[in-house]
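Student: I would like to learn how to read a structure feature by feature. Could you take me through one slowly, giving the general idea before each case?

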Amino acid sequence: MSSAAATGATPDTATSTAKTASSGSGEGPTSQDAPPPAAVRVGERRRPTWRQRAFRFESKAAPYAYVSPFFLVFAAFGLFPLIYTAWISLHDYKLGSDMTWIGLDNFRWLFANSLFYNALWKTFTIGVLSTVPQLMLALGLAHLLNYSMRVRTFFRVSMIMPYATSVAAATLVFAQLFGRDNGFANWILSWFGVGAIDWRNGNWTAQIAIAIIVTWRWTGYNALIYLAGMQSISQDLYEAAAIDGASRWQQFRFVTLPGLRPTILFTVVVSTIGATQLFGEPLLFGNGSADGGAVHQYQTIGLFMYQQGWQYLQLGKAAAVAWVTFLLIVVLVLVNTSIVRWRTRSER
């Protein structure tokens, strides 16, 4: 009788016991303990191909490539001129000569110049005379065009025609209308016994004439913006207000105006910026003179800057005026935004 039979174990059990003993005795690794080949190792990351690397790079870089044209154009025509203008404002730079560093002397000259404050005041008065009636008329016209009426499309298209007209053409026509001797405005006023008005040489009359030109040109543009904002207001609100017995004026006051608050803020900000940059209308109204009248009665900041840069060839001083104008626009926009936000919070 064999030893396997003597111990009561089967041949298979004895064989497995011998293998276990041999592996535990340090005789060497078996085929089960050997590491698997590199090709079949579990969890190993394959090296990406060049196509996969190119696809990953494209997926990451594509969004930046799509938006890069805007930033390139902005950097070339917006950011660089702004920075370079600030650099020029710190120099005494006359066209055709070398720049000389003078620090803040151009700004000291500017804030000590009475003509600058005159231009600042005229810019403010013309801006108020043109912006306030312009936006009020635009709001009223948009409210009328928002209702169903005949040939509504014709009136909507006609609203944009003054905006599409050239500034030079419109200003030259209005300069003839406000002529002292044969002007259409004085002819109309003569029906009411008013004598001939020298619109161009008067103080307030010249500002009113320029404000009328600006109002005529931009009212239709703002009316279409208000109309688009009105059409975004839900009709259910108007129907509910009509059921409650609200008149059209009450619907306009309590439904339309609250719904147009963001649009009104936009038009106020844009109109404020446009009034601060007013240049073409007063220049052409004065027959191309940057003086703004005999006593600078309608010389805006734009005309004052143009006069320093291209009439006196003092580009350093003109650059200082430009930077002060830029900061003034930023302050006005922040003030308008703060007022609207304060009113919104107070009404809640």
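Student: Let me begin with a single residue: in which helix is the place of leucine 144?

Tutor: Before the case, a word on what we are looking at: this is a predicted model, in which local features need pLDDT of at least 70 and side-chain atom pairs count only at pLDDT 80 or more, while totals for chains, interfaces and linings use all residues. Residues are numbered from 1 along each chain as its sequence is written, and side-chain values use heavy atoms, with hydrogens and water left out. Helices (H or I, at least four residues) and strands (E, at least two) are DSSP runs, numbered from the N terminus. Leucine 144 has its place in helix H5.

Student: Is leucine 144 buried or exposed?

Tutor: A residue is called buried under 20% relative accessible area, exposed over 50%, and partly exposed in between, using a 1.4 Å probe and protein chains only. Leucine 144 is exposed, because its relative accessible area is 54%. In sequence it is 83 residues from leucine 227, yet the two are 9.2 Å apart in space, C-alpha to C-alpha.

Student: How many helices and strands does the protein chain have, and what share of its residues is buried?

Tutor: The protein chain has 16 helices and 2 strands, and buried residues make up 31% of its 348 residues. Contact means heavy atoms within 4.5 Å. Among contacts in the chain with a separation of 6 or more, 67% are between residues 24 or more positions apart.

Student: How should I read a pocket, and what volume does the largest pocket have?

Tutor: Rolling a probe the size of a water molecule over the atoms shows where empty space is left. On a 1 Å grid over the protein atoms alone, where a 1.4 Å probe fits, a pocket is an open set of points with protein on both sides within 12 Å along at least five of seven lines, and lining residues have an atom within 4 Å of a point. Grid points are joined across faces, edges and corners, and a volume is the space filled by probe spheres set on the points. Here the largest pocket has a volume of about 930 Å³. It is lined by 28 residues, of which Thr131, Leu135, Val268, Thr272 and Asn336 are the closest to its centre. Two or more lining residues come from each of helix H5 (114-145), helix H12 (248-259), helix H13 (261-276) and helix H16 (315-347). The largest share, 10 residues, belongs to H5.

Student: Which of those central residues could we look at more closely?

Tutor: Let us take two of them. Threonine 131 is found in helix H5 and is buried, because its relative accessible area is 12%. A polar contact is a pair of N or O atoms within 3.5 Å; within protein, one must be able to donate a hydrogen and the other to accept it, and residues adjacent in sequence count only if both atoms are side-chain atoms. A polar atom of the threonine 131 side chain lies 2.7 Å from the backbone oxygen of glycine 127. Valine 268, by comparison, sits in helix H13 and counts as partly exposed, because its relative accessibility is 25%. Leaving aside neighbours within four places in sequence, valine 268 is in contact with Leu135 and Asn336.

Student: Which residues of helix H8 are buried, and how do they lie around its axis?

Tutor: In helix H8 (residues 167-177), the buried residues are Ala170, Thr171, Phe174 and Ala175. Seen down the axis of H8, they fall within an arc of 135°, so they line one face of the helix; the arc is that of the directions from the helix axis to the C-beta atoms. These buried residues pack against helix H10 (203-231) and helix H14 (280-285).

Student: Which loop holds asparagine 287, and what is its phi?

Tutor: Asparagine 287 is in the loop between H14 and H15, and it has a positive phi of about 60° although it is not a glycine. It counts as exposed, because its relative accessibility is 62%. Leucine 313, in the loop between H15 and H16, also has a positive phi, near 60°, but leucine 313 counts as partly exposed, at 29% relative accessibility.
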